[in-house]
Amino acid sequence: MSETAKIVLAVAQLLTVASALLVTFHPNILYASVALLFTFLGVTVMFLFAGADFIAGVQVIVYIGGVTILVLFAIMLTSWLYQIKLRDTRKRMAIPFLLVGIGLVPFFYKAAEELANRVLSSPPANFEAFAGSPKTNLIGEALLNNYLLPFEGVTVLLLGALVGAVWIARPR
Amino acid sequence: MMTFLDWMTGLHGFLFIGMILAALGMIAVIYRRNSIGILLGIELILNAAGLNFIAFSKYRTAAIDGQIFTLFIIIIAAAEAAVALAVILRLYRLRETIDASEANLLRN
């Protein structure tokens with residue numbers, strides 16, 4: 001990986017963590033959900049760098065184009081229009097939670113170090129070539145061979161979830 | 001000598017960011033009172049799981065299976081978001097609030 005690519009990836013990671021902090025701690029839920037959009041964007045860039053081009057596209061379509069917009073709609077349909085309790089985090093708990101979060105970071109650092117070193121001690125021979133190859137073909141074949149049953153199951157799940165969502169949110 | 005930039009852009013960085021995202025998501029689930037905020041935290045956790053699958057699919061197996069799992073995680077997260085938002089809308093109609101600590105219809 002070139003130095004420029006490394007810097008791009010590091011910037012994406014910084015964007016991910018910074019906007020995830022906003023998602024967790026910003027008192028206004030509308031700003032938090034817009035920050036979630038940038039978290040997804042940062043994770044998408046990380047997917048690209050790990051060789052998941054197709055998944056990155058799906059992430060943009062489903063998360064950034066779908067879930068975030070759905071969340072924004074829910075905010076508009078509930079609290080936004082009526083201005084009730086938009087600022088409702090447990091404010092007194094903010095400092096303790098921040099301290100706990102910061103205290104966990106060294107443990108995460110050490111755990112990532114140990115786990116990654118263990119995995120990288122016997123890496124697959126061709127992983128750089130694998131990461132650089134296009135994945136759409138492979139994913140299509142895998143979905144229709146080894147993963148056919150989960151694929152069909154997930155289609156039924158999606159249908160059920162959508163019908164159920166409409167039924168739950170129906171007007172009385 | 002491995003610099004910090006190398007550390008962050010290898011498997012270490014992916015795992016580290018994944019752990020931070022998952023922890024922030026859990027903190028959001030506990031810390032938020034707004035139901036939509038809790039939903040945002042769940043999305044963060046699911047995304048962290050997907051990130052780990054992708055990272056290991058490159059550095060551990062160099063095979064497509066990890067990416068398929070991430071695909072399923074994304075699909076299920078979308079379905080979960082749709083159902084959760086329907087429940088939130090329903091709760092809002094019943095109670096005029098989306099505060100999770102006032103959603104006590106199932107109590108007693």
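**Leu21(B) and the contact between chains A and B**

Leu21(B) is buried, since 27 other C-beta atoms lie within 10 Å and 20 or more suffice for that class. The model in which this residue is described is a predicted one. Leu21(B) belongs to helix α2 of chain B. Its C-alpha atom is separated by 6.1 Å from that of Leu44(B), although the two residues are 23 apart along the chain. When neighbours within four places in sequence are left aside, Leu21(B) is in contact with Leu44(B), Asn47(B), Ala48(B) and Leu51(B), and also with Thr16(A) and Ala20(A) of the other chain.

Chain B, to which Leu21(B) belongs, has four helices and zero strands, and its elements follow the pattern α-α-α-α along the sequence. The radius of gyration of chain B is 18 Å, whereas the globule rule gives 13 Å for 108 residues; the chain is therefore more spread out than a compact globule. Along the principal axes, the C-alpha atoms of chain B fill a box of roughly 60 × 30 × 20 Å. Of the 108 residues in chain B, 54% are buried. Among the contacts in chain B with a separation of 6 or more, 47% are accounted for by residues 24 or more positions apart.

Chain A is likewise described by its helices, of which there are seven, with zero strands. Read along the sequence, the pattern of chain A is α-α-α-α-α-α-α. Its radius of gyration is 20 Å, against a value near 16 Å for a compact globule of 172 residues. The box filled by the C-alpha atoms of chain A, taken along the principal axes, is roughly 60 × 45 × 25 Å. Buried residues make up 26% of the 172 residues in chain A. Of the contacts in chain A between residues at least 6 apart in sequence, 58% join residues at least 24 apart.

The contact between the two chains takes 76 residues from chain A and 62 residues from chain B. On the side of chain B that touches chain A, the elements giving two or more residues are α1 (4–9), α2 (11–31), α3 (35–61) and α4 (65–95) of chain B. The largest share of that side, 20 residues, comes from α4(B). By class, the side of chain B that touches chain A has 43 nonpolar, 12 polar and seven charged residues.

Two pairs of helices across this contact were examined. In one pair, the axes of helix α7 (residues 148–168) of chain A and α4(B) come within 8 Å and cross at roughly 10°. Because of that angle, α7(A) is roughly parallel to α4(B), as angles under 35 degrees are classed in this way. The crossing of α7(A) and α4(B) is left-handed. Residues of α7(A) in this contact include Pro150(A), Val154(A), Leu157(A), Leu158(A) and Ile168(A), and those of α4(B) include Phe72(B), Ile75(B), Val83(B), Val87(B) and Arg90(B). The contact of α7(A) with α4(B) has 15 nonpolar, one polar and one charged residues.

In the other pair, helix α4 (residues 94–120) of chain A packs with α2(B) at an angle of about 150°, and their axes are 8 Å apart. The crossing of α4(A) and α2(B) is right-handed. On α4(A), the residues making the contact include Phe97(A), Leu104(A), Phe108(A), Tyr109(A) and Glu113(A), while on α2(B) they include His12(B), Phe16(B), Met19(B), Ile20(B) and Tyr31(B). By class, the contact of α4(A) with α2(B) has 19 nonpolar, two polar and one charged residues.

Position 62 was considered in each chain. Val62(A) is placed in helix α3 (residues 53–82) of chain A. Val62(A) counts as partly exposed, because it has 18 C-beta neighbours inside 10 Å. Apart from its neighbours within four places in sequence, Val62(A) is in contact with Val67(A) and with two residues of chain B, Ile74(B) and Ala78(B). Ala62(B) is placed in the loop between α3 and α4 of chain B. With 18 C-beta neighbours inside 10 Å, Ala62(B) also counts as partly exposed. The phi angle of Ala62(B) is near 50°, a positive value in a residue other than glycine.

Key:
Residues are numbered from 1 along each chain as its sequence is written. Chains are lettered from A and ligands numbered from 1 in the order in which they are written. This is a predicted model: local features need pLDDT of at least 70, side-chain atom pairs count only at pLDDT 80 or more; totals for chains, interfaces and linings use all residues. Two residues are in contact if their C-beta atoms, placed from the backbone, lie within 7 Å. Ala, Val, Leu, Ile, Met, Phe, Trp, Tyr, Cys and Pro count as nonpolar, Asp, Glu, Lys and Arg as charged, and the others, Gly among them, as polar. Axes are lines fitted to C-alpha atoms, for helices over the stretch in contact, and angles run from 0 to 180 degrees between N-to-C directions. Angles under 35 degrees count as roughly parallel, over 145 as roughly antiparallel, 65 to 115 as roughly perpendicular and the rest as oblique. A crossing is left-handed if the near helix is turned anticlockwise from the far one by less than a right angle, and right-handed if clockwise. The radius of gyration is taken over C-alpha atoms; the globule rule is 2.2 Å times the number of residues to the power 0.38. A residue is buried if 20 or more other C-beta atoms lie within 10 Å of its own, exposed if 12 or fewer, and partly exposed in between; C-beta atoms are placed from the backbone.
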